[in-house]
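Let's take a friendly walk through this model, looking at how its helices pack, where its main pocket sits and which spots in the backbone stand out.

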Amino acid sequence: MSVAREVVELLAGRGQSIAVAESLTGGLLVAELVSVPGASAVVRGGVVAYATPLKHALLGVDAALLAERGAVDAGVARQMAAGVRERLAIDGAAADVGLATTGVAGPDPQDGHPVGEVWLGLALGTEVHARRLHLTGDRAVIRTATVAASLSWLLDTLRSGRAE
């Protein structure tokens, strides 16, 4: 069984929903989730905020944080994850899970960050976490590895009840 299928089935079994905020993955993460039959029961949708100013405008990431740190940052990943939960609320109810990706897929470094530096954000209720990845490979490999790492981290967190 694929990790995406396990995530969807676990969330469905709990009656929970997920919203996704993506930068470097450009929609690949939400596409992986919605490739699973029955995903519509849990996936609220996704926001691709590829341009840095859109992280503020669409997801509510603090503009001062973006100006000071740039888009490749733990705080940005956390705010993206928390923000997408709220932005994709239905009837005033936020999504149960927010999952976010931001980083450098290459081929060139960005704002002083090397290719392959990626931050994931995960928001579960009031708990918000970030995880740093150091990936290698070309642009496609980094983007695909980011999706895989995001889903694996989420699945592990859902199973254990805590993000590590």
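A helix axis here is a line fitted to C-alpha atoms over the stretch in contact, and angles run from 0 to 180 degrees between N-to-C directions. Please keep in mind that this is a predicted model.

**Helix packing**

With that in hand, start with helix H3 (residues 52-59) and helix H5 (residues 74-87), whose axes come within 9 Å and cross at roughly 40°. That angle makes H3 oblique to H5. As for its hand, the crossing of H3 and H5 is left-handed. On the H3 side, the residues that meet H5 are Lys55, His56, Ala57, Leu58 and Leu59. Their partners in H5 are Val76, Gln79, Met80, Gly83, Val84 and Arg87. Sorted by class, the residues of this contact are 6 nonpolar, 3 polar and 2 charged.

A second helix pair is helix H1 (residues 3-14) with helix H6 (residues 139-160), which pack at an angle of about 35° with axes 9 Å apart. H1 also passes H6 in a left-handed crossing. From H1, the contact takes in Val3, Ala4, Glu6, Val7, Leu10, Leu11 and Arg14. H6 answers with Leu151, Ser152, Leu154, Leu155, Leu158 and Arg159. The H1 and H6 contact divides into 9 nonpolar, 1 polar and 3 charged residues.

Here are the two pairs side by side:

| Helix pair | Axis distance | Angle | Citation |
|---|---|---|---|
| H3 and H5 | within 9 Å | roughly 40° | |
| H1 and H6 | 9 Å | about 35° | |

**The largest pocket**

Which residues lie closest to the centre of the largest pocket? The pocket itself has a volume of about 200 Å³. Of its 15 lining residues, the closest to the centre are Tyr50, Gly103, Val104, Ala105 and Gln110. H3 and strand E3 (97-103) are the elements that give two or more residues to the lining. By class, the lining holds 6 nonpolar, 6 polar and 3 charged residues.

**Two backbone spots**

Most residues other than glycine have a negative phi, and most peptide bonds are trans. Two places in this model depart from that pattern. A cis peptide bond joins Gly106 and Pro107, with omega at about 15°. Pro107 is found in the loop between E3 and strand E4 (117-124). Asp91, a residue other than glycine, has a positive phi near 50°. You will find Asp91 in the loop between H5 and E3.

Key
Residues are numbered from 1 along each chain as its sequence is written. This is a predicted model: local features need pLDDT of at least 70, side-chain atom pairs count only at pLDDT 80 or more; totals for chains, interfaces and linings use all residues. Side-chain values use heavy atoms; hydrogens and water are left out. Helices (H or I, at least four residues) and strands (E, at least two) are DSSP runs, numbered from the N terminus. Angles under 35 degrees count as roughly parallel, over 145 as roughly antiparallel, 65 to 115 as roughly perpendicular and the rest as oblique. A crossing is left-handed if the near helix is turned anticlockwise from the far one by less than a right angle, and right-handed if clockwise. Contact means heavy atoms within 4.5 Å. Ala, Val, Leu, Ile, Met, Phe, Trp, Tyr, Cys and Pro count as nonpolar, Asp, Glu, Lys and Arg as charged, and the others, Gly among them, as polar. On a 1 Å grid over the protein atoms alone, a cavity is a set of points where a 1.4 Å probe fits but cannot get out, and a pocket is an open set with protein on both sides within 12 Å along at least five of seven lines; lining residues have an atom within 4 Å of a point. Grid points are joined across faces, edges and corners, and a volume is the space filled by probe spheres set on the points.
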